[in-house]
Amino acid sequence: MRETENQLFATSPVHYVNLRRTLDILCAGTAASALAPVFLIVAIAIWIEGGRPILFSQLRLGQNGRPFRIYKFRKFGPNCDLHGYPLTMDGDGRLTAIGRILAATKLDELPQLWNVFRGDMSLVGPRPESLVFIDCFRNGFEKILEHKPGLFGPCQVLFRHENKLYPNDISAADFYRQTLFPEKAKVDLAYFSRRTLASDLGWILRAARVIAMDSWATFTRSGSSNDSSK
């Protein structure tokens with residue numbers, strides 16, 4: 001029975017790439033429809049706070065190193081330099097009030113369902129890196145680019161509080177290149193070389209769980225702060 005189950009869920013680029021793509025389209029379409037009210041609320045909140053643009057877009061490295069344009073809800077001020085610092089730090093001064101909530105809850109990532117629908121990304125895959133860090137893909141780490149980047153995956157869960165890991169005595173970009181990127185790359189290489197449809201589903205569920213927990217904690221803290229200031 002277990003052998004049959006393993007054969008059913010075992011990943012093969014030949015047999016399952018079309019199935020994955022079909023699941024991506026169905027899930028992205030369903031999620032976008034179900035979350036339409038959330039999209040609207042976030043868009044209105046951003047517009048009321050700082051006007052347009054509502055979305056932020058940036059070139060990222062896609063599968064096989066092909067750049068694509070990723071979309072997010074805007075977290076920074078509307079006049080923030082789009083070519084500025086490539087990392088979002090804990091307590092980043094560029095974040096707006098709404099942006100801090102979006103960053104904490106990961107709701108800024110919702111527009112990437114469009115990237116999934118377009119085929120730039122998959123539901124599960126390595127996070128797409130900024131072109132600034134293209135130099136990190138060497139010494140074996142370039143194999144990560146064989147996989148389509150995704151919304152969910154091991155690193156999205158394990159490093160979800162990445163912005164709190166940066167020390168004060170070294171450049172954040174240098175720390176990312178020397179420490180964080182290699183650690184994340186090792187996790188991705190270990191996972192995506194043996195992924196299955198079942199394990200992908202498991203990471204989606206784990207990611208949904210931690211996002212829900214972080215969102216609850218964020219809104220609870222916000223509510224407590226408002227109560228204490230009255």
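The questions and answers below go through a predicted model of one protein chain.

User: In what order do the elements of the chain run from the N terminus on?

Analyst: The secondary structure comes to 8 helices and 4 strands. These belong to a chain of 230 residues, of which 37% are buried. Read from the N terminus, the order is α-α-α-β-β-α-α-β-β-α-α-α.

User: Among contacts between residues at least 6 apart in sequence, what percentage join residues at least 24 apart?

Analyst: A contact here is a pair of heavy atoms within 4.5 Å. Counting contacts in the chain between residues at least 6 apart in sequence, the share that joins residues at least 24 apart is 70%.

User: What span does helix α3 reach from its first C-alpha to its last, and which residue just after α3 takes a positive phi?

Analyst: Helix α3 covers residues 36-50, which is 15 residues. At 1.5 Å a residue the expected span is 21 Å, and the helix comes close to this, reaching 21 Å. Just after α3, a positive phi of about 75° is taken by Gly51.

User: In which sense do strands β1 and β2 pair, and which residue in their hairpin takes a positive phi?

Analyst: Strand β1 (residues 55-61) and strand β2 (residues 67-73) are joined over 7 bridges in the antiparallel sense. One of the bridge pairs sets Leu61 against Pro67 in β2. The hairpin has 5 residues between the strands, and the residue there with a positive phi, near 60°, is Asn64.

User: Is Arg195 buried or exposed?

Analyst: Arg195 is found in the loop between α7 (172-192) and α8 (197-228). Its relative accessible area is 11%. Buried means under 20%, so a residue below that cut-off is classed as buried. Arg195 is therefore buried.

User: Which residues does the side chain of Arg195 reach through polar atoms?

Analyst: One partner is a backbone atom: the side chain of Arg195 reaches the backbone oxygen of Val124 at 3.1 Å. Another is a side chain, in a polar contact at 2.8 Å. The residues are Val124 and Asp200.

User: Which helix gives the largest share of the largest nonpolar core?

Analyst: The largest nonpolar core has 19 residues, and those with the most contacts inside it include Leu87, Phe133, Tyr166 and Phe181. The largest share of this core is 7 residues, and these come from α7.

User: Which residues does Phe181 touch, leaving out those up to four places away in sequence?

Analyst: Phe181 is among the residues with the most contacts inside the largest core, as are Phe137 and Tyr176. With residues up to four places away left out, Phe181 touches Glu129, Cys136, Phe137, Phe141 and Tyr176.

User: How far apart in space are Val210 and Leu158, C-alpha to C-alpha?

Analyst: Val210 lies in helix α8 and is buried, with a relative accessible area of 10%. A second, separate core of 16 residues includes Val210 along with Val157, and Val210 touches both Val157 and Arg160. Val210 and Leu158 are 52 residues apart in sequence, and the distance between their C-alpha atoms is 9.9 Å.

User: How many disulfides does a search of the whole structure find?

Analyst: Cys27 is partly exposed, with a relative accessible area of 36%, whereas Cys136 is buried at 9%. A disulfide needs two cysteine sulfur atoms within 2.5 Å. In the whole structure, the number of disulfides found is 0.

Terms used. Residues are numbered from 1 along each chain as its sequence is written. This is a predicted model: local features need pLDDT of at least 70, side-chain atom pairs count only at pLDDT 80 or more; totals for chains, interfaces and linings use all residues. Side-chain values use heavy atoms; hydrogens and water are left out. Helices (H or I, at least four residues) and strands (E, at least two) are DSSP runs, numbered from the N terminus. The expected span of a helix is 1.5 Å times one less than its number of residues. Buried means under 20% relative accessible area, exposed over 50%, partly exposed in between (1.4 Å probe, protein chains only). A polar contact is a pair of N or O atoms within 3.5 Å; within protein, one must be able to donate a hydrogen and the other to accept it, and residues adjacent in sequence count only if both atoms are side-chain atoms. Two strands pair if DSSP finds at least two bridges between them. A nonpolar core is a set of buried Ala, Val, Leu, Ile, Met, Phe, Trp, Tyr and Cys residues joined through side-chain atoms within 4.5 Å.
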